[in-house]
Amino acid sequence: MSETTDSDELMAQIDSDEVETAPEASPEPAPQTTVMLLGSGELSRELTLAFQRLGATVIAVDRYADAPAHGVADRSAVVKLNDADAVTAVIEKEQPRYVVAEATLVAADALIAVAERGDIEVFPTPRSTRLSLDREGLRRLAADELGLPTAPFWFAGSAEELTAVARHAGFPLVVKPIAAAPGVGESVLVRPEDVEPAWHRAVAAGRIPHNRVMAEAVVEVDFEVTLLTIRTIGSTGPVVHFCEPIGHRQLGGDMLESWQPQQLSPAALDAAKSIGARIVNSLGGRGVFGVEVLVRGDEVYFDNVRPRPYDSGLVTLRSQRLSQFELHARAILGLSVDTIMISPAAAEVSYAGADATESGGAALNAVLTEALAVAESDVRLFGRPDETEGRRRLGVALATAQDPIIARDRARRVSAALRRLWQP
């Protein structure tokens with residue numbers, strides 16, 4: 001079911017004002033290459049370190065002071081990222097070689113204007129940035145333009161239209177905001193009485209004013225997979241690389257657990273790679289893309305794509321020779337990458353709750369002693385304030401093993417020990 005909507009106009013605008021951020025040629029990073037990160041949360045902190053290890057000077061920008069990446073960047077700035085004039089002003093002041101949008105709510109108009117000039121490369125491409133805020137545009141690109149397999153979907157512009165969709169599609173039905181973080185504002189409809197509350201919840205949760213929602217049929221799948229897809233530039237043009245599939249478990253949009261590799265049948269793996277290559281080549285640019293797919297046997301359905309490192313890829317801090325952050329930095333700078341997995345691994349993320357408290361001193365040492373006594377374990381504790389989208393990450397438990405099942409068990413034991421740090 002697909003009718004002409006105002007999203008078609010949005011897609012037309014996206015297509016018309018999309019400008020490739022630079023000619024498809026491998027850049028030569030200079031010793032003093034300057035990178036500006038728009039968004040300075042915990043993931044940006046890891047990315048900052050990855051760029052610096054390659055000789056880049058990093059300017060970390062966010063809407064609040066003392067963001068995690070501010071603590072390690074060469075310079076920092078506090079700017080409202082959704083204010084086009086403010087974003088343009090800080091770029092004009094610093095004149096970076098690369099601008100990397102790590103937050104989703106960055107003024108797209110400012111990025112487009114900078115990209116059009118041609119002297120500064122912008123990542124992700126402005127098109128990717130806009131589509132990351134538009135589920136309708138992204139789904140139409142994937143299903144209608146690229147022909148990628150997806151779960152059946154519909155769009156509605158009112159509670160009455162959503163009622164008609166539910167009557168046509170049947171139950172259960174998942175309703176999502178057009179523009180919101182994963183899991184936020186979503187509802188599962190199981191009866192007609194659920195329609196109106198789901199409509200109001202989805203509209204209220206949108207990051208930008210948008211009186212439209214997406215409804216999606218529930219597809220029974222074996223598991224959800226993140227396929228980290230890296231788009232780089234080689235001697236003959238764009239090149240796409242793939243990491244081993246990452247399995248993951250989410251709750252309410254938060255990535256609780258991930259492991260690598262997730263075993264897929266040869267047919268499913270080929271289908272996932274085809275989906276990943278087609279969607280990232282359509283979006284363009286360079287860097288890491290987290291392509292989310294649903295897998296049922298040999299069948300694979302496109303679900304989403306994130307044009308930047310994400311929580312599910314934290315497992316690569318221990319599973320791969322180059323983590324997702326190092327891959328992102330290398331690809332943006334035009335350097336060689338490899339996706340070698342050195343060990344199966346797992347990661348479990350802890351988030352701040354209403355009753356979370358901070359501990360330290362002897363308690364911290366005792367907890368770390370217990371956590372790191374688990375074989376092949378590691379941790380990342382996030383002590384600086386992080387006001388990025390979603391709940392604040394407190395820490396990540398990591399573990400490797402000879403297979404992902406044992407790695408998951410070890411990561412869970414590490415995470416259970418770490419949770420003592422934040423119990424009231």
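Let's start with a pairing: strands β6 and β9 run antiparallel to each other and are joined over four bridges (two strands pair if DSSP finds at least two bridges between them). This is a predicted model, in which local features need pLDDT of at least 70 and side-chain atom pairs count only at pLDDT 80 or more, while totals for chains, interfaces and linings use all residues. Residues are numbered from 1 along each chain as its sequence is written, and side-chain values use heavy atoms, with hydrogens and water left out. Helices (H or I, at least four residues) and strands (E, at least two) are DSSP runs, numbered from the N terminus.

**The antiparallel sheet**

- Within the β6-β9 pair, Phe153 stands opposite Glu216 in β9.
- Strand β9 also runs antiparallel to β7, with five bridges joining the two, and Ala217 in β9 is the bridge partner of Leu173.
- Together with β8, these strands make an open sheet of four, in the order β6-β9-β7-β8, with antiparallel pairing.
- β6 and β8 are the edge strands, each pairing on one side only.
- From one strand to the next, the twist averages 30° (axes are lines fitted to C-alpha atoms, for helices over the stretch in contact, and angles run from 0 to 180 degrees between N-to-C directions).
- Four of the five residues of β9 are buried, so β9 is largely enclosed by the rest of the structure (buried means under 20% relative accessible area, exposed over 50%, partly exposed in between, with a 1.4 Å probe and protein chains only).

**Helices around that sheet**

- Helix α6 (residues 135-145) packs on the sheet, where it touches β6, β7 and β9, and its direction makes about 145° with that of β6 (contact means heavy atoms within 4.5 Å).
- Helix α7 touches β6, β7 and β9 as well, with its direction at about 160° to that of β6.
- In helix α8 (residues 195-205), the buried residues are Val195, Ala198, Trp199 and Ala202.
- They cover an arc of only 105° around the axis, which puts them on the same side of α8 (the arc is that of the directions from the helix axis to the C-beta atoms).
- An α-helix has 3.6 residues a turn, so residues three or four places apart point the same way.
- Pro197 and Ala204, on the other side of α8, are exposed.
- The packing partners of the buried α8 residues are β6 (153-156), α7 (159-169), β7 (173-177), β8 (187-189) and β9 (213-217).

**The parallel sheet**

- An open sheet of five strands follows the order β3-β2-β1-β4-β5, with parallel pairing.
- Its edge strands, β3 (75-78) and β5 (121-123), each pair on one side only.
- Here the twist averages 20° from one strand to the next.
- Strands β1 (residues 34-38) and β4 (residues 98-101) pair in the parallel sense over four bridges, and Val35 stands opposite Tyr98 in β4.
- Helix α2 (residues 42-53) packs on the sheet against β1, β2 (57-62) and β4, its direction making about 175° with that of β1.
- Helix α4 (residues 108-117) lies across β1, β4 and β5, and runs at about 145° to β5.

**A buried glutamate to look at**

- Glu102 sits in the loop between β4 and α4.
- Glu102 is buried yet has no salt bridge, and the nearest side chain of opposite charge, Arg308, is 4.6 Å away.
- For that statement, a salt bridge is a side-chain nitrogen of Lys or Arg within 4 Å of a carboxyl oxygen of Asp or Glu; Lys and Arg count as positive and Asp and Glu as negative, with His and the chain ends not counted.
- Leaving out residues up to four places away in sequence, Glu102 touches Leu37, Leu38, Gly39, Ser44, Leu47, Arg308, Pro309 and His328.
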